[in-house]
Amino acid sequence: MTEDAYRLKSPDGSELELPVRSGTVGPDVIDIAGLYKAQGIFTYDPGFVSTGSCESDITFIDGEQGILMYRGYPVEQLAKHSSFIEVSYLLQHGELPTADELSEFDNTIRVHTMLNEGMLSFFKGFRYDAHPMAMLSAIVGSMSAYYHDEMNASNPAHRDIFAHRILAKLPTIAAAAYKLNVGQPFIYPRNDLNYTENLLHMLFAVPAEPYEIDPVAAEALDLLFILHADHEQNCSTSTVRMAGSSGANPYSAIAAGIAALWGPAHGGANEAVLNMLEEIGDVSQIGKYVEKAKDKNDPFRLMGFGHRVYKNFDPRATIIREMAYKVLEKLDRKDTPLFDLAQELEQVALKDDYFIEKNLYPNVDFYSGIIYRALGIPTSMFTVMFALGRSVGWTAHWREMIADPKGKIARPRQLYTGPAARDYVDVSKR
Ligand code: CMC
């Protein structure tokens with residue numbers, strides 16, 4: 001890492017040198033950590049648009065070029081050649097595994113899929129129509145009660161076990177939430193199946209008849225999980241880091257991340273896209289909805305469009321669009337009105353000056369729901385699917401944050417705009 005300096009002129013004419021730091025790739029950063037101490041002044045950056053919150057060697061994004069790399073490997077290569085379990089190992093450990101390491105890691109995840117039976121009884125307390133994201137966050141939060149004494153964050157072995165448990169048990173929790181919604185009995189995991197096969201089994205098998213896993217569905221989910229696995233300091237990952245920075249139990253930090261992911265500006269967009277497409281209903285209505293999205297007095301936004309970092313294209317959206325074609329073809333879904341509508345909407349928006357000027361392109365959430373829908377996964381489960389993939393990024397970032405010797409509790413400051421000091425007035429005189 002090289003060091004340069006950025007000179008800041010203060011109102012009194014004095015100059016302050018702020019170190020400029022360079023990463024491996026990507027823009028330099030001005031290190032302002034010492035600014036308040038030196039000048040008694042804060043920086044102000046709502047939404048952290050120009051702020052790097054940490055050093056990280058996990059994931060890199062170049063928003064101008066549409067590049068996404070996990071530990072230096074382009075996501076396109078991982079999507080083509082790797083598997084979600086191998087990518088999980090890579091994100092956790094920094095390097096691709098040897099064949100033996102991969103087999104051991106895969107086995108570890110397979111043998112930790114069961115939940116404590118007591119955890120299952122929590123589901124009985126939810127209404128049949130509880131949103132699965134609410135259940136996922138609550139049950140993962142409950143893991144902090146089950147594993148509190150066994151979790152010493154300064155012990156690397158405990159950090160490993162935590163990451164394994166999150167990866168292995170989230171599909172079981174997700175499937176249990178779905179089963180509650182559809183009123184079917186909970187299906188126990190099968191450790192002879194791989195990660196996505198097991199998920200499909202727990203989602204769709206019923207005790208009354210055999211369930212045959214569709215390899216096309218398992219493959220499609222694996223690819224979607226690779227593409228969702230990490231995305232540097234996004235809202236939910238930053239939430240996990242922030243909650244974890246106080247030394248909180250990491251299972252509760254993941255529960256906080258799940259809550260952050262649920263919002264429609266973040267992972268909840270995949271559910272919102274499908275709802276939007278259904279509301280639009282027909283290509284003849286596209287113009288009307290594009291106009292609504294452009295109207296500043298209308299809160300409607302084109303869901304699945306735009307991104308804080310990508311200003312050219314989202315490489316994940318490109319891969320997912322291609323995959324949507326293949327999956328629909330392989331599953332023999334010739335009748336694809338929603339996919340046709342989505343593609344037409346994309347074309348209209350991409351030619352529109354508003355979307356061109358603001359660099360708004362389809363993001364990862366625009367086409368993923370079309371695939372989930374084709375696999376029989378209900379709309380309310382879409383963001384849960386996102387959470388399963390992203391869970392590996394969350395645990396990798398929590399581990400990186402907690403192991404950082406320079407780590408501090410995340411504690412931003414503010415620009416105070418409330419009343420200045422004033423005296424208390426007795427209630428009888430107000
Ligand atoms: N439809 C219409 N206008 C939009 C949209 C959209 N989808 N996205 C951004 N804009 C406009 C916005 O109104 C603003 O206009 P102006 O400069 O005139 O005020 C400009 O583009 C910049 O938008 P912003 O909200 O300041 O940008 P941001 O970086 O804060 O927000 C975003 C990024 C993803 C939250 C936003 O683009 C959005 O709300 N998109 C729709 C929701 C969505 O698809 N979210 C998924 C994001 S990708 C996966 C993930 O992170 O989970």
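**Helix α4, its partners and some small sheets**

Q: Buried or exposed: which describes F48?
A: In this predicted model, the relative accessible area of F48 comes to 54%. The cut-off for this class is over 50%, so F48 counts as exposed.

Q: Where is F48 found?
A: F48 stands out through its phi, near 55°, a positive value in a residue other than glycine. Most residues other than glycine have a negative phi. As for its place in the chain, F48 sits in the loop between α1 (35-39) and β4.

Q: At what relative accessibility does N359 count as partly exposed?
A: N359 isn't a glycine, yet its phi is positive, at about 55°. It lies in the loop between α16 (353-357) and α17 (364-374). Partly exposed runs between the 20% and 50% limits, so N359 falls in that class with a relative accessibility of 29%.

Q: Which residues of β2 point to one face and are buried?
A: In a regular strand the side chains alternate between the two faces of the sheet. Strand β2 (residues 15-21) does just that: E15, E17, P19 and R21 point to one face and are not buried, while the other face takes the buried set, L16, L18 and V20.

Q: What is the bridge partner of V20 in β3?
A: β2 pairs with strand β3 (residues 29-30) in the antiparallel sense, over two bridges. Follow V20 across to β3 and its bridge partner turns out to be I30.

Q: Which strands stand at the edges of the open sheet of three strands?
A: The order is β4-β5-β6, with antiparallel pairing. Two of these have a single partner strand each, so one side of each is left without a neighbour in the sheet. Those edge strands are β4 (59-62) and β6 (73-74).

Q: How many bridges join β4 to β5?
A: The two strands form a hairpin with four residues between them, and G66 in the turn has a positive phi of about 70°. T59, for one, has Y70 in β5 as its bridge partner. The strands run antiparallel, and the bridges joining them number four.

Q: In β6, what is the bridge partner of M69?
A: Strand β5 (residues 67-70) pairs with β6 in the antiparallel sense over two bridges. Looking across to β6 from M69, the bridge partner is P74.

Q: What span does α4 reach from its first C-alpha to its last?
A: α4 has twelve residues. At 1.5 Å a residue the expected span is 16 Å, and the model is close to that, reaching 16 Å.

Q: How wide an arc do the buried residues F105, T108 and I109 cover around the axis of α4?
A: F105, T108 and I109 are buried in α4. Their arc is narrow enough to put them on the same side of the helix: only 95°.

Q: Which residues on the other side of α4 are exposed?
A: The buried residues of α4 pack against α3 (84-93), α7 and α8 (195-204). On the other side of α4, the exposed residues are A99, D100 and E104.

Q: At roughly what angle do the axes of α4 and α7 cross?
A: F105, T108 and I109 in α4 meet H164, L167 and A168 in α7. That contact divides into four nonpolar residues, two polar and no charged. The axes of α4 (residues 99-110) and α7 (residues 156-182) come within 8 Å, and they cross at roughly 65°.

Methods
Residues are numbered from 1 along each chain as its sequence is written. This is a predicted model: local features need pLDDT of at least 70, side-chain atom pairs count only at pLDDT 80 or more; totals for chains, interfaces and linings use all residues. Side-chain values use heavy atoms; hydrogens and water are left out. Axes are lines fitted to C-alpha atoms, for helices over the stretch in contact, and angles run from 0 to 180 degrees between N-to-C directions. Contact means heavy atoms within 4.5 Å. Ala, Val, Leu, Ile, Met, Phe, Trp, Tyr, Cys and Pro count as nonpolar, Asp, Glu, Lys and Arg as charged, and the others, Gly among them, as polar. Two strands pair if DSSP finds at least two bridges between them. The expected span of a helix is 1.5 Å times one less than its number of residues. Buried means under 20% relative accessible area, exposed over 50%, partly exposed in between (1.4 Å probe, protein chains only). The arc is that of the directions from the helix axis to the C-beta atoms.
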